[in-house]
Protein chains: 2
Amino acid sequence: MPNAVNFLVKNKSTILYGVFLAALLFLLKWLELRFIIINHAFEIYVGAIAVLFTALGIWLALKLSKPKTILIEKEIFTEKPSTFVLNEKELNNLNISKRELEVLQLMSEGLSNQEIATKLFVSLNTIKTHNARLFEKLEVKRRTQAIETAKRLSLIP
Amino acid sequence: MPNAVNFLVKNKSTILYGVFLAALLFLLKWLELRFIIINHAFEIYVGAIAVLFTALGIWLALKLSKPKTILIEKEIFTEKPSTFVLNEKELNNLNISKRELEVLQLMSEGLSNQEIATKLFVSLNTIKTHNARLFEKLEVKRRTQAIETAKRLSLIP
DNA sequence: TTCCTCCTCATACTTTAGGGTGATTTTGAA
DNA sequence: TTCAAAATCACCCTAAAGTATGAGGAGGAA
C-alpha cells in the first residue's frame, strides 16, 4: 500500500503532465466541434501545443534541475597558528639537552636567572652554567640574542 | 552590418527553434498526404508534438539557464602573513614615543645597550633612560619581559 | 612667550648577567 | 659494571643591566 502512494508522489510531475495533456486535447477537440473554426486550423493547433509544451518543458527543467554547486575557497588567516612544532632536528643538531631547553623557554618568558632557579628548584649557579652552555651552543653572547635565535630556529614558541 | 550578425548569433536558438517547428509541421503534413494513416491520428500527432517540444524545452532550459550556484566557503588556514602590522592603538595607549619604540626594536634583536647607543649615535646613559621609561610604560622589570610583552602586543615583529 | 613633552646626558649606586674554573652526583647506554 | 654525558653546585671576578635623581636643549601647542 505505501508503495502505491510512494509511486504517486514520486511520479507526481509525470502524472500531472499526462493529465494536463489529456485536458488540452479535450479542449482542442471541444473547440473544433463547437465552433468549426477556420479551415486549416491544424497548423495553429500544432504551433500552440508546441509553444505550450516547450514552456512546460522549460518550467520542468528549471524546477527539477539539480543546482550546480561551485566551491569557492576562502582564505582565512589565523591570528597565529598556535600549533607550535618544535624543530627537533635543529635541537639535536645543536646538541641542546632537555634541561637547557627548559631554561631557554623560561628565559624567553622574561624570567630572571634567580626566578628560573627558584622555579626549577636548583641554585642560581646551576642556571648560570646552563646559560653558558646554551650561549655557547647557540653561538650568542646574551640572553636576548639566545631568545631571538631560538625563536628563529623554532626551538621555542 | 555587424548588428545583423550579432542578431543572428544572439537569437540562434530562437531561429533554430522556429526552423525546427516549420520542418516538423511539413513532415507531418507530408505524412498525412502520403499515407493517410489511421483515422483520428490527430491525437497521435498532438502527443508526439507535445513530447518533442517538451523535450526541446527541457533541452533549451538546461542549455540556456544560468547555473544555480550554491556557494560553499571552504576555510583554508594559512600561515600567519609575515607582513607585520604595528598595533598603533596600543602604542598610543601606552604613550610610547618613536625613539622608545626604536630602542625597543633594537633591544628585541638582541643588541646590548652599548650597541644600541652606538647605532643611534647617543650615549649609553640615554639608552638606559629610554629603557627605564619603556619598562615603566610596559609595566615590566627586565628587557626580556619588555620584548615578550611588546611582541604579544604587536608593537614589534 | 610660556608650558609641556621628548630627547638627551650625567653621576652614583645596586642588581643581574655572564665568564672561567673546578668539582660532585645522576643517569642512561654500552 | 663502566663510561660519558648531563645535571648539579661553588667561588671569584667582570661586564652589563637597571634604578634614582637631576638637568639642559629642541620643538610644538596654547
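Which atom of DNA strand D lies 2.8 Å from a polar side-chain atom of B:Lys128? In this predicted model, the partner of B:Lys128 is a base oxygen of the strand. Other contacts with DNA strand D involve its phosphates: a polar backbone atom of A:Ser123 is 2.7 Å from a phosphate oxygen, and a polar side-chain atom of A:Thr126 lies 2.9 Å from a phosphate oxygen.

The wider surroundings of DNA strand D can be described next. The strand is surrounded by 19 residues, and A:Ser97, A:Arg99, A:Val122, A:Ser123 and B:Arg143 are the closest. Of the strand's atoms that come within 4 Å of the protein, 68% belong to sugar and phosphate. Both protein chains take part, as α5 and α7 of chain A and α7 of chain B each supply at least two residues of this surface. The largest share comes from α7(A), with 4 residues. Sorted by class, the surface near DNA strand D has 10 polar, 7 charged and 2 nonpolar residues.

DNA strand C has 18 residues around it, of which A:Arg143, B:Ser97, B:Arg99, B:Ser123 and B:Asn125 come nearest. Sugar or phosphate accounts for 66% of the atoms of DNA strand C within 4 Å of the protein, and bases for the rest. Phosphate oxygens of this strand meet both backbone and side-chain atoms. A backbone N or O atom of A:Arg143 lies 2.7 Å from one phosphate oxygen, and a polar backbone atom of A:Asn113 is 3.1 Å from a phosphate oxygen. From chain B, a polar side-chain atom of B:Arg99 lies 2.7 Å from a phosphate oxygen of DNA strand C. At least two residues of the surface near this strand come from each of α7 of chain A, α5 of chain B and α7 of chain B. Here α7(B) gives the most, 4 residues. The surface near DNA strand C comprises 10 polar, 6 charged and 2 nonpolar residues.

B:Arg99 also has a partner within the protein. A salt bridge joins B:Arg99 to B:Glu102, with the closest N and O atoms 3.2 Å apart. Both residues lie in helix α5 of chain B, 3 residues apart, about one turn of the helix. In an α-helix there are 3.6 residues a turn, so residues three or four places apart point the same way. B:Glu102 is partly exposed, at 30% relative accessible area, and B:Arg99 is partly exposed at 31%.

The same helix, α5 of chain B, has buried residues as well: B:Glu100, B:Leu101, B:Val103, B:Leu104, B:Leu106, B:Met107 and B:Ser108. They pack against α4, α6, α7 and α8 of chain B and also against α8 of chain A. B:Ser108 counts as buried because its relative accessibility is 10%, under the 20% cut-off. A polar atom of the B:Ser108 side chain lies 2.6 Å from the backbone oxygen of B:Gln105. Beyond its neighbours within four places in sequence, B:Ser108 is in contact with A:Glu148, B:Ile147 and B:Ile156. After α5(B) comes B:Gly110, with a positive phi near 95°. In helix α7 of chain B, B:Asn131 is buried at 5% relative accessibility. Residues up to four places away aside, B:Asn131 touches B:Val103, B:Met107, B:Asn113 and B:Arg143.

Nonpolar side chains tend to be buried together in soluble globular proteins. The largest nonpolar core here has 23 residues, with A:Ile96, A:Leu104, A:Ile116, A:Leu138 and A:Leu155 making the most contacts inside it. Helices α4, α5, α6, α7 and α8 of chain A each supply at least two residues of this core, and α5(A) gives the most, with 5 residues. Another core, apart from this one, has 22 residues, including B:Met107, B:Ala117, B:Leu138 and B:Val140.

Across all chains, the structure holds 8 salt bridges. One of them joins B:Arg142 to A:Glu115, with the closest N and O atoms 2.7 Å apart. This pair crosses between chains, linking the loop between α7 and α8 of chain B to helix α6 of chain A. B:Arg142 is partly exposed at 23% relative accessible area, and A:Glu115 is partly exposed at 36%. In helix α8 of chain A, A:Glu148 and A:Arg152 lie 4 residues apart and meet in a salt bridge, at 3.9 Å from N to O. A:Glu148 is partly exposed, with 30% relative accessible area, whereas A:Arg152 is exposed, with 54%.

Definitions and conventions:
Residues are numbered from 1 along each chain as its sequence is written. Chains are lettered from A and ligands numbered from 1 in the order in which they are written. This is a predicted model: local features need pLDDT of at least 70, side-chain atom pairs count only at pLDDT 80 or more; totals for chains, interfaces and linings use all residues. Side-chain values use heavy atoms; hydrogens and water are left out. Buried means under 20% relative accessible area, exposed over 50%, partly exposed in between (1.4 Å probe, protein chains only). A polar contact is a pair of N or O atoms within 3.5 Å; within protein, one must be able to donate a hydrogen and the other to accept it, and residues adjacent in sequence count only if both atoms are side-chain atoms. Contact means heavy atoms within 4.5 Å. A residue is near a molecule or strand if one of its heavy atoms lies within 4 Å of it. Ala, Val, Leu, Ile, Met, Phe, Trp, Tyr, Cys and Pro count as nonpolar, Asp, Glu, Lys and Arg as charged, and the others, Gly among them, as polar. A nonpolar core is a set of buried Ala, Val, Leu, Ile, Met, Phe, Trp, Tyr and Cys residues joined through side-chain atoms within 4.5 Å. A salt bridge is a side-chain nitrogen of Lys or Arg within 4 Å of a carboxyl oxygen of Asp or Glu.
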